[in-house]
Amino acid sequence: MNPVAPQRTSAPARQSRMLVGAVALALVAALVGGGVGGFVGFQLGAGNRPGPTALDESRPARSASTAPPGSVQQVAERVLPSVVQLQVQSAQGSGEGSGIVISQDGYILTNNHVAEGAQAGRMTASFHDNRTAPVKVVGTDPNSDLAVVKADITGLTPASLGRSDDLPVGAPVVAIGSPFGLSGTVTSGIISAKDRPVRAGGEQGSQASVLNALQTDAAINPGNSGGPLVDMDGNVVGINSAIYSPGSGQQQAGSVGLGFAIPIDQAKRTSNELITTGKATQTTLGVMITGANRPGALIAKVVPGGAAEQAGLRPGELITKLGDRVIHDPDELIAAVRSHLPGQQVPVTVMDGSGGERTVGVTLTGEKN
C-alpha cells in the first residue's frame, strides 16, 4: 500500500475505537467462558470418546499387485528400459530428444532432427538404468526424418518392433519419451487417424520432408521426438516426430492432442539401410508436381527415364488417385508414394485438361539420398 498522510482523529472515531475495544474484551471473555465450559464438558463426556479411526491404523503393506495384461502400466514396465534420452551440444546451442534401443550393443533409432546437431557437436545418451554414454551418428535421412546413432555401451534392452500396416484407427497406444527434458514420461491415447501427410519441421519443412504419418492424441511435446509410440502389447508401431501447435511462433508450444509418428514399417526399412550403408532409399514416382485449382497433384515435369515416364504419364495431367488413396494435394501424393516400397506396381489415376480420366500401372522406383 502507498503511505497515507496522518489524519486528525475526530471524537466519533475515538468513540468507535472505544466501542471496538469493548467488543474485543467481550469476545475475550466469551472465549474464556467457552474454554471453561468446553473443559467441563470434556470431563463430563470423557466416557463418550470416539473409537479407533482410520487415522489410528498402521500403514498397509506395499502393493504386491501386478499390472493387468494390456494395461498402460504393463506397457510402460515393458518398454521403459528400451527408451533413451538424447542430449546434444553443438555450436548452435543445446537440444534434446528421445530414442529407441534397437540392439543390445548400442544402436538407437531416433529422428533426424534430433541427431542432426550431433554431426558437428556432441551427443550423449542417458539410459533407463541411469548409465550414460557418448553417441556417434551412424546415418541420417532428412527426407524421412529418421536417424540411427550408436552409443558406446553394451547390455541394453532392445525394443520389440511391431507393424503399422494393419493398425486400426481407434487402437489404444502409449507414447514414451523425454518431453521438456522429463525422461521416462508415459502418456496414453489412441490412433486418431492414419496416412496423414505431415512435413517434418512443420510448415517450414520442404516438400521433400513429407511424412506419411500416424496421428495420435497421446500427449507428445518437444523432447518426445524420436521416442516410441507403442501398442498395448508393448510393440513399437511408430516413431514420434511432430506435433501441431497453433501459432507458428510458439517454439515450445505443448500438446493440443495432435501428435504425429512415422509408421514403424517405414522406420524399420530405413533404419536397416542406414545401419548397412549410412544412406536410405526413397520411393519415387519420377515427377515434379505442384498444386492446382482443384483437388489433386498437377504434373509439372516428368523425370526422364523415371517411373512416370515409363508408364506414359504426361506433364499437365492431374493425379487424383494412387492405389485406393484419393489425392487431394501434392503433399498427399508424396506421402502416398512413400507408403510403398521401391519396385511395387500401383495404379495411378490421372485427369487431363478436358476432364478425361485414365488409370495406368506404375512401377515405383527407389532413389538414394
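Is strand S17 (residues 318-322) mostly covered or mostly open, and how many of its five residues are buried? S17 is mostly covered, with four of the five counting as buried. Keep in mind that this is a predicted model.

**The chain overall**

The protein chain has 369 residues, and 41% of them are buried. Its secondary structure comes to six helices and 21 strands. If you look just at contacts with a separation of 6 or more, 61% are between residues 24 or more positions apart.

**Around S17**

Back to that covered strand and its partners. S17 pairs with strand S16 (residues 297-302) in the antiparallel sense, over two bridges. Here Ala-297 has Ile-319 of S17 as its bridge partner. S17 also runs antiparallel to strand S19 (residues 345-351), and four bridges join the two. In that pairing, Lys-321 sits opposite Thr-349 of S19.

Then there's strand S18 (residues 325-326), again antiparallel to S17, with two bridges between them. Lys-321 turns up here too, as the bridge partner of Val-326 in S18. S17 and S18 form a hairpin with two residues between the strands, and Gly-323 in this hairpin takes a positive phi near 65°.

**From S8 to S10**

Another run of antiparallel pairing involves strand S9 (185-199). S8 and S9 are held in register by six bridges, and Pro-172 stands opposite Ile-190 of S9. S9 is also joined to strand S10 (residues 210-216) by six bridges, antiparallel once more. On that side, Ala-193 has Gln-215 of S10 as its bridge partner.

Here are the antiparallel pairings together:

| Strand pair | Bridges |
|---|---|
| S16 and S17 | two bridges |
| S17 and S19 | four bridges |
| S17 and S18 | two bridges |
| S8 and S9 | six bridges |
| S9 and S10 | six bridges |

The loop between S8 and S9 holds Ser-178. Is Ser-178 buried or exposed? Its relative accessibility is 2%, so Ser-178 counts as buried. Leaving out residues up to four places away in sequence, Ser-178 touches Gln-85, Gly-97, Ser-98, Ser-183, Gly-184, Pro-222, Gly-223 and Asn-224.

**Helix H2**

S8 and S9 also come up in the packing of helix H2. In H2 (residues 72-79), the buried residues are Val-75, Ala-76 and Val-79. Viewed down the axis of H2, these buried residues fall within an arc of 100°, so they line one face of the helix. The general rule behind this is that an α-helix has 3.6 residues a turn, so residues three or four places apart point the same way. What do the buried residues of H2 pack against? They pack against strand S1 (83-90), strand S8 (172-177), strand S9 (185-199) and strand S11 (228-230).

**The second largest pocket**

If you're after cavities to probe, the second largest pocket has a volume of about 490 Å³. It is lined by 22 residues, and the closest to its centre are Thr-283, Thr-284, Leu-285, Gly-286 and Val-287. Which element gives the most to the lining? That's helix H6, with four residues. H6 (330-338), strand S14 (281-284), strand S15 (287-290) and strand S21 (365-368) each supply at least two residues of the lining. By class, the lining has 10 nonpolar, 10 polar and two charged residues.

Conventions
Residues numbered from 1 in each chain as written. Predicted model: local features only at pLDDT ≥ 70, side-chain atom pairs only at ≥ 80, totals over all residues. Heavy atoms only, no water. Buried < 20%, exposed > 50% of the residue type's maximum accessible area, 1.4 Å probe, protein only. Arc of directions from axis to C-beta. Contact = heavy atoms within 4.5 Å. Pairing = 2+ DSSP bridges. 1 Å grid on protein atoms, 1.4 Å probe; cavity = no way out; pocket = protein on both sides within 12 Å on 5 of 7 lines; lining within 4 Å. Points joined across faces, edges and corners; volume = space filled by probe spheres on them. Nonpolar A, V, L, I, M, F, W, Y, C, P; charged D, E, K, R; others polar.
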